[in-house]
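Colleague: I have a structure open beside its sequence, and I would like to learn how to read it. Could you take me through some features, general idea and then the case at hand?

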Amino acid sequence: MGKTNNKKHFFFFGFSLLLLLIGVTISLYFWQIRLQKPVKVNMGQHQHTANAVSSEGSHDHPNDGVSCEKIVDKETSAPIRKFELTAARTTVKLDNGKTVEAWTFNDMSPGPELRVQQGDRVVVTLHNKDIAEGVTIHWHGVKVPCSQDGIAGVTQESIMPGNQFTYTFTASEPGTYWYHSHQMSSIQVQKGLLGSFIVEPRTSSIPLSTATEISAIFQQLNSAMLLNGSASGLNLAGKAGDYERLRLINAGNDTINISVDGAPFQVIAMDGHDLHETGKLDGVTIPIGAGQRYDLLVQLPEHNKVVIRNDLDKSLSITFGSGTDPEPSGGREMFSFVNYGSPLPNDPLNKLTVDKQFELRLGRSLFVSSINNHSFHEIPPMNVKEGDRVLITITNEGGGDHPFHIHGHTFRVWSKNGVLLKGSPVYLDTLLTKKGETYEVYLVADNPGLWMAHCHNLQHASMGMSMMLNYEGITTPFRVGTNSGNLPDL
Ligand SMILES: [Cu+2]
C-alpha cells in the first residue's frame, strides 16, 4: 500500500511540476512574442523634421520628405552582372549522409556564391517560390542605397510566394561580404537563406600573382554547423610556396575562434576592408563575431599541411596542401586589432571632428535584449543628417558577445577601452564586443536612408537588441508589425 501511495504522490508531484513548467514556458513565449510584434511601426517615425511622419499613415503626403523607396544608385555604363535567386523550401542532403529540411536559394544552403568585380552594377532578381512568411535579401556590409537594403517593413515589403523583387546596386567597394534574408532573420538565416558575396578588387591588394583564394562561410543550419555547406570540412590542394587567400565569413550566431596551424599567416582584411602593412602571426587565435569576415593570407610550407581549425566544431577544418598534420597552435594569444599593422602615412582622419555623439549600452537578461535598457522601437533611434560626423560609443554590459552591425555604413574603430588604435586603421560594419568592453566608432553620415543597427547574434536581435539609424527627411511607406507581416528581426 505505502509503496503505491508513494508512487501516486511521486506521479502527482511530477505531473504538477510538468504543468508548471509548461505554463511558465507558454507565458514566456507570449511575453516574448508581445515584445517582438509591435502591431504597426513606422521605423522612420522618430525623425526630428518639421513634417515628421506619424505612424498612422500620413506617409502619402508627398511633402513629408524623400521616401527610402526612391533612393537608388545612379544609372551608369558599368558592366551589369545579373543573378537569379529562388527562395524555396527544400530537403538538402549533407555530405555526412544526413538529410535536413532547409530554406534555400537555388536549392542550396548556402546559396550560390555571388562573385562580381569592383564597379559592376549588380542586378539580382529574388523569386519566392513557397516561403509563406515572405523573404528579402539584405547585402550584409555592402553600402547599397536605402531602397536596396532588403529590410522587410523598412526598405520594402517582404516578397510573398509567387512574387519577385529585383535588387540593383553598384559594387563600389571590394571585399568579402554575404547576403541573407532580413524577414524574420533569426529564423530564416538559421533555416538556410544566406550566401557569400565577393567583390573582387579592380587591382589586387596582394602583390602576389600566385595567390589563390576561396571563400569559406560558416553557418548554423538548424542545429548543424556547416562550412560551405559541408558537414565534414574542406580539403584543398596547394603546393609549398603557394599563397592562399581565405575569405572567412561567420554567418552563424556565435563567435567562432579560428586557429591557423602549420604556418604563420596574416590578417589582410576585416569586414572586406584591407588592413595596412600587417605582420605575420603565429599561434594567434582569431575571434570572428557573428556577421564578421576576416581575410587571411597564408603561404604553404615545405613539409606539412596548413590546417584552419575552429572551436565550435572540430570536424569542420580547412586543410591546404599535403604532408604531415601540424600540431594545434591556437589558444596562446587572442588577436587584437588595436596595434596590428601600421598607420597610414597620410591618414585623412588623424583627429576626430564630431557633430553628433551617441552612446549605446548593450545588455541582455534571460528573455530580453536591450540597448540603453529599451528594446526594438522603444529604443530612440540615432537621428542624423547627411554630412554629420558621428561618434558612437558602444559598451557591452553583458549577456554574451554582442557583434554590433550597422547597415548602410562602414565605421572606423577609433578606440577600445579608452585606448586609441595604434596600428592599421580598422573599418568594419560589424564590431565584436565582449562583456565589459567599450569601443568608440566613427562614421560619416554619407548614405541617406533608414538603417537598422543591431546585434548580429540574431537571437539577441529577435529579443530586442535592434534599433535604427535614421536620416532627417527620409521616410518610408512600409511598416513593421503583425498587420503588414513585415517582421525583420523575428
Ligand atoms: Cu547580442
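Modeller: Let us start with the disulfide. A disulfide is a covalent bond between the sulfur atoms of two cysteines. In this predicted model, the link of Cys68 and Cys146 is left-handed, with -100° about the S-S bond. Cys68 lies in the loop between strand 1 (66–67) and strand 2 (80–93), and Cys146 in the loop between strand 6 (138–140) and strand 7 (164–170), so the link ties together parts that are 78 residues apart in sequence.

Colleague: What is the S to S distance in the disulfide of Cys68 and Cys146, and how many disulfides does a search of the whole structure find?

Modeller: The distance from S to S is 2.1 Å for Cys68 and Cys146. The search of the whole structure gives 1 disulfide.

Colleague: Is Cys68 buried or exposed, and what about Cys146?

Modeller: Here the cut-off matters: buried means under 20% relative accessible area. Cys68 has a relative accessible area of 0%, so this residue is buried. Cys146 is buried too, again with 0%.

Colleague: Now the metal. Which residues are the protein donors of the copper ion?

Modeller: For a metal site, look for the donor atoms and then for their places in the chain. The copper ion has His402 (ND1), Cys455 (SG) and His460 (ND1) as its protein donors, lying 2.0 to 2.1 Å from it. Along the sequence, the spacing of these donor residues reads H-x52-C-x4-H. Distant parts of the chain are linked here: His402 is in strand 26 (residues 402–406) and Cys455 in strand 32 (residues 450–455), 53 residues apart. His402 counts as buried because its relative accessibility is 0%, and Cys455 also counts as buried, at 0%.

Colleague: How should I read a sheet?

Modeller: Strands of a sheet pair through backbone hydrogen bonds, either parallel or antiparallel. One open sheet here has 5 strands in the order 24-33-32-26-30, with mixed pairing. Strand 24 (382–384) and strand 30 (430–433) are at the edges with a single partner strand each, so one side of each is left without a neighbour in the sheet. From one strand to the next, the twist averages 15°.

Colleague: How does strand 24 run relative to strand 33?

Modeller: Strand 24 and strand 33 (residues 466–471) run parallel, joined by 3 bridges. To find the register, place Met382 opposite Leu469 in strand 33.

Colleague: And why is strand 19 largely enclosed by the rest of the structure?

Modeller: Because 4 of the 5 residues of strand 19 (residues 306–310) are buried. Strand 14 (residues 256–261) runs antiparallel to strand 19, and 4 bridges join them; Val260 has Ile308 as its bridge partner. Strand 20 (residues 318–320) also pairs with strand 19 in the antiparallel sense, over 3 bridges, and there Val307 stands opposite Thr319.

Colleague: One more: where is Arg412 found, and with which side chain does its own side chain make a polar contact?

Modeller: Arg412 is found in strand 27 (residues 411–416). Its side chain makes a polar contact with the side chain of Asp347, at 2.6 Å. Arg412 is buried, with a relative accessible area of 7%. Not counting residues up to four places away in sequence, Arg412 touches several others, including Leu349, Tyr427 and Glu440. Arg412 and Leu349 are 63 residues apart along the chain, yet their C-alpha atoms are separated by 9.7 Å.

Methods: Residues are numbered from 1 along each chain as its sequence is written. This is a predicted model: local features need pLDDT of at least 70, side-chain atom pairs count only at pLDDT 80 or more; totals for chains, interfaces and linings use all residues. Side-chain values use heavy atoms; hydrogens and water are left out. Buried means under 20% relative accessible area, exposed over 50%, partly exposed in between (1.4 Å probe, protein chains only). Helices (H or I, at least four residues) and strands (E, at least two) are DSSP runs, numbered from the N terminus. Two strands pair if DSSP finds at least two bridges between them. Donors are N, O and S atoms within 2.8 Å of the metal (3.2 Å for Na, K and Ca); water is not among the atoms, so sites may look incomplete. Contact means heavy atoms within 4.5 Å. A polar contact is a pair of N or O atoms within 3.5 Å; within protein, one must be able to donate a hydrogen and the other to accept it, and residues adjacent in sequence count only if both atoms are side-chain atoms. Axes are lines fitted to C-alpha atoms, for helices over the stretch in contact, and angles run from 0 to 180 degrees between N-to-C directions. A disulfide is a pair of cysteine sulfur atoms within 2.5 Å.
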